[in-house]
Amino acid sequence: MSDAATPTLQRLMLGAELRHIREDRGKTIEQVSQELSERLGSGFSTAKISRLETAKRGITLRDVRDLCDYYDLGSADRERLIAMAKASRGNRLQGINEALSEYVALESIASAVHAYESMLVPGLLQTRDYSRAIAEGIAGLHAGGITPDAVALEEQADVRATRQDRLRGPDAMRFVAIMDENVVRRRVGQRGVMAAQLRHVAQVSEYPNVTIQVVPIEAGVYPGFESAGFSVLEFPEELRRSPVCFVEGTVGALWAERESDRQRIIRTISYMQEIALSPERTQALLDQVARALDE
């Protein structure tokens, strides 16, 4: 686990602990909000308590002390929660935006990630040359646009390399990647860059903890097809954290916070796996397209 993920891990653990304490006291979020508001005057809406417990927002030391007073915690528990709150503060990763920084931090402590991409190879599978070609294409480098910042590109590449370490080693997470066939057939960069990218995906698909499948063009329009991409992150049991869903869009990204939305995304990914090519047929497709690019 990377040091960069420590603040997020601490925030997750603190949120889970606060939820456990509330449930152990037999209190609902609504009860805690009402009673704290009566005691303090304001500052603890139901939305705020929910976001604190699900680690959707940072927590101040004042919040922790107020909650410790409300739950009448002993000195040892108070000190432990305050220490977790202090450790949950940290700088976001450099070279990427705030939403992606949060995603990367959560990904680094996830036990499993299920991802779907309709346009590009998932970040956990991208080669440096492929990701650079994406940045150059988006910036319009070959059409008189702005040249991408070389330093920023290297920072992003370093972050991506660190993320990809989670696919290897004793703490490797489970990774399921589903791609639309257009991802495989859309050439990004020079022919050699794309061929090398496809061979890299095929190589990673042989890892015992990785499953890669392609939804064929013949599947037509299917649930989730309209999305640029989304991911479901699962966490170790000791974190007592429900899965979270990250949805990508052309103008940004967001976390699916409603349980109904999360369940719909989870069902969609499950359905995609059913209609996608098997991992073996997917690997054959990758090899076929890579060989065609070599010609």
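These are my notebook entries on what I looked up in this predicted model.

**Entry 1: the whole chain**

I started with the basics. I counted twelve helices and six strands in the chain. Then I checked burial, and buried residues make up 47% of the 295 residues. I also looked at how far along the sequence the contacts reach. Taking contacts between residues at least 6 apart in sequence, I found that 74% join residues at least 24 apart.

**Entry 2: the cores**

Next I went looking for nonpolar cores. I had a general idea in mind here: in soluble globular proteins, nonpolar side chains tend to be buried together. The largest nonpolar core in this chain has 44 residues. Which of its residues have the most contacts inside it? I noted Val 113, Leu 125, Leu 167, Phe 175, Leu 198, Leu 233 and Phe 235. Helix 10 gives the most to this core, seven residues.

I picked Phe 175 for a better look. Skipping its neighbours within four places in sequence, I listed its contacts as Val 113, Ala 115, Pro 122, Leu 124, Leu 125, Leu 167, Asn 209, Val 210 and Thr 211. Apart from the largest core I found another one, of 21 residues, with Leu 36, Ile 49, Leu 81 and Met 84 among them.

**Entry 3: helix 10 and helix 12**

Now for helix pairs. Two packed helices are described by the angle between their axes and the distance between the axes, so I wrote down both for each pair.

I began with helix 10, residues 191–204, and helix 12, residues 279–294. Their axes come within 9 Å and cross at roughly 160 degrees. Angles over 145 degrees count as roughly antiparallel, so helix 10 and helix 12 are roughly antiparallel to each other. I noted the crossing of helix 10 and helix 12 as left-handed. On the helix 10 side, the contact includes Met 194, Ala 195 and Leu 198. On the helix 12 side, I saw Leu 286, Val 289 and Ala 290 among the residues involved. Sorted by class, the residues of the contact of helix 10 with helix 12 come out as ten nonpolar, one polar and five charged.

**Entry 4: helix 2 and helix 3**

My second pair was helix 2, residues 29–40, with helix 3, residues 46–53. The axes of helix 2 and helix 3 come within 9 Å, and they cross at roughly 120 degrees. How are helix 2 and helix 3 set relative to each other? They are oblique, and their crossing is right-handed. Helix 2 brings Ile 29, Glu 30, Val 32 and Ser 33 to the contact, while helix 3 brings Thr 46, Ile 49, Ser 50 and Glu 53. I sorted the contact of helix 2 with helix 3 into three nonpolar, three polar and two charged residues. Ile 49 had already turned up in my notes, in the core of 21 residues.

**Entry 5: helix 7 and helix 8**

Third pair: helix 7, residues 128–139, and helix 8, residues 150–164, pack at about 135 degrees with their axes 11 Å apart. That angle makes helix 7 oblique to helix 8. I put down the crossing of helix 7 and helix 8 as right-handed. From helix 7, Arg 128, Ser 131, Arg 132 and Ala 135 meet Leu 153, Glu 154, Ala 157, Asp 158, Arg 160 and Ala 161 of helix 8. The tally for the contact of helix 7 with helix 8 is four nonpolar, one polar and five charged.

**Entry 6: three single residues**

I finished with a few residues on their own. Arg 39 is in helix 2. Is Arg 39 buried or exposed? At 52% relative accessibility, Arg 39 counts as exposed. Not counting residues up to four places away in sequence, Arg 39 touches Asp 69 and Tyr 70.

Asp 72 lies in the loop between helix 4 and helix 5. Most residues other than glycine have a negative phi. The phi of Asp 72 is near 55 degrees, a positive value in a residue other than glycine. Asp 72 has 66% relative accessibility, so I marked Asp 72 as exposed.

Phe 225 is in the loop between strand 3 and strand 4. With 35% relative accessibility, Phe 225 counts as partly exposed. Phe 225 and Ser 118 are 107 residues apart in sequence, but 6.9 Å apart in space from C-alpha to C-alpha. Leaving out neighbours within four places, I found Phe 225 in contact with Tyr 116, Ser 118, Asp 180, Gly 220 and Met 272.

Methods: Residues numbered from 1 in each chain as written. Predicted model: local features only at pLDDT ≥ 70, side-chain atom pairs only at ≥ 80, totals over all residues. Heavy atoms only, no water. Axes fitted to C-alpha atoms, helices over the stretch in contact; angles between N-to-C directions. Helix = DSSP H or I, 4+ residues; strand = E, 2+ residues; numbered from the N terminus. Parallel < 35°, antiparallel > 145°, perpendicular 65-115°, else oblique. Left-handed = near helix turned anticlockwise from the far one by under 90°. Contact = heavy atoms within 4.5 Å. Nonpolar A, V, L, I, M, F, W, Y, C, P; charged D, E, K, R; others polar. Core = buried A, V, L, I, M, F, W, Y, C linked by side-chain atoms within 4.5 Å. Buried < 20%, exposed > 50% of the residue type's maximum accessible area, 1.4 Å probe, protein only.
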